[in-house]
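Student: I would be grateful for a close look at one part of this molecule. Please take a single strand and explain its surroundings in a connected account.

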Amino acid sequence: MCITAIIPALNNGGAIAPLAAALKEAGVQRIVVVDRRSTDGTIEEAERLDLSVVRLNGASRGYAVREVLMAVDTPYVLVMSPEALLPPQDIKRLLSHLRYYDIAVAACRGGARRLASWLIRASSGARAGDPLA
């Protein structure tokens, strides 16, 4: 399964490496870190790990994700917050649902749920208040 992971980041140095390791272990082939003007070494960490880096100075998280979504050429996209590290087995379980559904969403907190709602609206035009409801 061809999957691109998008990680919108702002001063998440130290969180990128464990997330990238979990994504790679789960079978994600391409990882893009969208940096929003980090000053703590986030960009350097991503480059050291040989991840793709897109720099969007001061962009909002939603704008950053949207900009990368427009350029992704894989059939599946996974958006991961560096603060919400899922174990590789949970990432694999989430991705396994793509065999049956067009969209699979896992959200831990309100902010993640809002991002998931936005992604559903942006990608399909469908309205989604709470994707877990």
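Tutor: The account below follows strand S2 through its pairing, its connections and the cores around it.

The model is a predicted one. Strand S2 covers residues 30–35 and is mostly covered, with five of its six residues buried. On one side S2 pairs with strand S1 (residues 3–9); the two run parallel and are joined by six bridges. Within this pairing, Val33 of S2 is the bridge partner of Ile7. S2 also runs parallel to strand S3 (residues 52–55), to which four bridges join it. There, Asp35 stands opposite Arg55 of S3. The chain passes from S2 to S3 through helix H2 (residues 42–48), in a β-α-β crossover that is right-handed. The preceding connection can be described in similar terms: S1, helix H1 (residues 16–25) and S2 form a right-handed β-α-β unit.

The loops that belong to these two connections each contain a residue with a notable backbone angle. As general background, most residues other than glycine have a negative phi. In the loop between S1 and H1 lies Asn11, whose phi is positive, near 55 degrees, although the residue is not glycine. Asn11 counts as partly exposed because its relative accessibility is 36%, a value between the limits of 20% for buried and 50% for exposed. Arg37 is located in the loop between S2 and H2; Arg37, likewise not a glycine, has a positive phi of about 85 degrees.

The covered character of S2 leads to the question of packing. The largest nonpolar core has 22 residues, and those with the most contacts inside it are Leu23, Val28, Ile31, Leu78 and Ile91. S2 is one of the elements that supply at least two residues each to this core, together with S1, H1 and helix H4 (88–96). H1 provides the largest share, namely five residues. Leu78 illustrates how this core is connected: leaving aside residues up to four places away in sequence, Leu78 touches Ile3, Thr4, Ala5, Ile6, Leu23, Val28, Ile91, Leu94 and Leu95. A second, separate core has eight residues, among them Ile6, Val32, Val68 and Val72. In a regular strand, side chains alternate between the two faces of the sheet. Within S2, Ile31 is among the residues with the most contacts in the largest core, whereas Val32 belongs to the second, separate core.

How values were computed
Residues are numbered from 1 along each chain as its sequence is written. This is a predicted model: local features need pLDDT of at least 70, side-chain atom pairs count only at pLDDT 80 or more; totals for chains, interfaces and linings use all residues. Side-chain values use heavy atoms; hydrogens and water are left out. Buried means under 20% relative accessible area, exposed over 50%, partly exposed in between (1.4 Å probe, protein chains only). Two strands pair if DSSP finds at least two bridges between them. A crossover is right-handed if, with the strands pointing away from the viewer, the path from the first strand over the helix to the second runs clockwise. A nonpolar core is a set of buried Ala, Val, Leu, Ile, Met, Phe, Trp, Tyr and Cys residues joined through side-chain atoms within 4.5 Å. Contact means heavy atoms within 4.5 Å.
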